[in-house]
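Me: I have a structure open and would like to talk through its empty spaces and its ligand site. Could you take me through them step by step?

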Amino acid sequence: MYIVMLGAPGSGKGTIGKILSTDLNLVHVSTGDIFREQINKNTNLGKKIQKYLEEGALVPDDVVIETVKARLLEEDVENGAILDGFPRTVAQAEALRDFLKENKPGAKRVAIELDVPDDEIIKRVVNRLICTNKSCGAIYNKETKPPKKENICDVCGSSLKRRDDDNKETVTKRLGIYHQNSKDLIDFYRKNNALYSIYPQDLDIAVKNIKEFLEEYKRK
Ligand code: AMP
């Protein structure tokens, strides 16, 4: 199964995507994580996309689509994946649909929309802290989910940091871009696929509801 996580930056795609990935044994593929890794490694791709991430702008569709296709052809993604942060435009959604039809015929495709009000998004993002250990990647919030020890990950003991683009100015821009594209994107999934929308106020309840929906969808 290929599960697309839709939602504004800070809506919980990463947090919920990682829980679903563990519970359903599906690889978590985050385009934002792939891009940040490329920037940190200073690769050609990293150099090409750095300015977009710094400005909170979207990386051009052709670059994103090529990156995701290459990732989805890797062996560990054979049985499906949780896609976090992709697609963000209808062109990307169409490319994903065509790619899966061709390369993974018969695979189930479903979209989960995390629908969170903008004022809450801004509060969540400016307080977000992320574990610097890539293989851990735990996500905290200074107000609602602080680490036990300041700036230290509860899970693996590595240091925590704020993402460079998690400031009020950039998140407001990222949110604007999300709203420009989200209506068409959600309409696309409503028409083409199964779509489940939820306002994830309580994390455990949201995960439980999403898993129940996925169970039911798998049986269809
Ligand atoms: P995220 O970690 O999902 O918030 O993504 C961080 C940044 O990476 C975004 O603000 C964009 O600059 C870029 N990015 C990630 N995924 C995509 C995508 N599907 N399309 C375009 N840009 C993306």
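## Pockets, ligand and cavities

Reply: Happy to! This is a predicted model. Let's start with the second largest pocket, whose lining is made up of T15, K18, I19, C136, G137, A138, I139, Y140, K145, V155 and L203.

Me: Which element gives the most residues to the lining of the second largest pocket?
Reply: Two elements give two or more residues to this lining, namely β6 (139–141) and α1 (13–24). With 3 residues, the one that gives the most is α1.

Me: How do the residues of that lining divide into nonpolar, polar and charged?
Reply: The charged residues number 2. K18 and K145 belong to the lining, and Lys counts as charged. The full division is 2 charged, 2 polar and 7 nonpolar.

Me: What volume does the second largest pocket have?
Reply: The lining includes residues such as Y140, V155 and L203. The volume of this second largest pocket is about 200 Å³.

Me: Now the ligand, please. Which residues come nearest to it?
Reply: There are 17 residues around the ligand. By class, this shell has 5 charged, 4 polar and 8 nonpolar residues. Those that come nearest are T31, A57, G85, R88 and Q92.

Me: Which element supplies the largest share of the shell around the ligand?
Reply: At least two residues of the shell come from each of α2 (31–40) and α3 (44–55). The largest share is 4 residues, and the element supplying it is α2.

Me: Which residue has a polar side-chain atom 2.9 Å from a nitrogen atom of the ligand?
Reply: R36 places a polar side-chain atom 3.0 Å from an oxygen atom of the ligand, so the partner there is not nitrogen. In the side chain of Q92, an N or O atom is 3.0 Å from a ligand nitrogen. The residue at 2.9 Å from a nitrogen atom is R88.

Me: How much of the ligand's accessible area does the protein cover?
Reply: On its own, the ligand has 490 Å² of accessible area. The share covered by the protein is 97%.

Me: And the cavities: which element supplies the largest share of the lining of the second largest cavity?
Reply: The structure holds 2 cavities of 30 Å³ or more, and the second largest has a volume of about 40 Å³. α4 (61–72) and α5 (90–103) each supply at least two residues of its lining. The largest share, 4 residues, comes from α4.

Me: Which residue is the charged one in that lining?
Reply: The lining consists of I65, V68, K69, L72, F86, A95, L96 and F99. By class there are 7 nonpolar residues, no polar ones and 1 charged. Lys counts as charged, so the residue is K69.

How values were computed: Residues are numbered from 1 along each chain as its sequence is written. This is a predicted model: local features need pLDDT of at least 70, side-chain atom pairs count only at pLDDT 80 or more; totals for chains, interfaces and linings use all residues. Side-chain values use heavy atoms; hydrogens and water are left out. On a 1 Å grid over the protein atoms alone, a cavity is a set of points where a 1.4 Å probe fits but cannot get out, and a pocket is an open set with protein on both sides within 12 Å along at least five of seven lines; lining residues have an atom within 4 Å of a point. Grid points are joined across faces, edges and corners, and a volume is the space filled by probe spheres set on the points. A residue is near a molecule or strand if one of its heavy atoms lies within 4 Å of it. A polar contact is a pair of N or O atoms within 3.5 Å; within protein, one must be able to donate a hydrogen and the other to accept it, and residues adjacent in sequence count only if both atoms are side-chain atoms. Accessible areas come from the Shrake-Rupley method with a 1.4 Å probe; for residues, only the protein chains shown count as cover.
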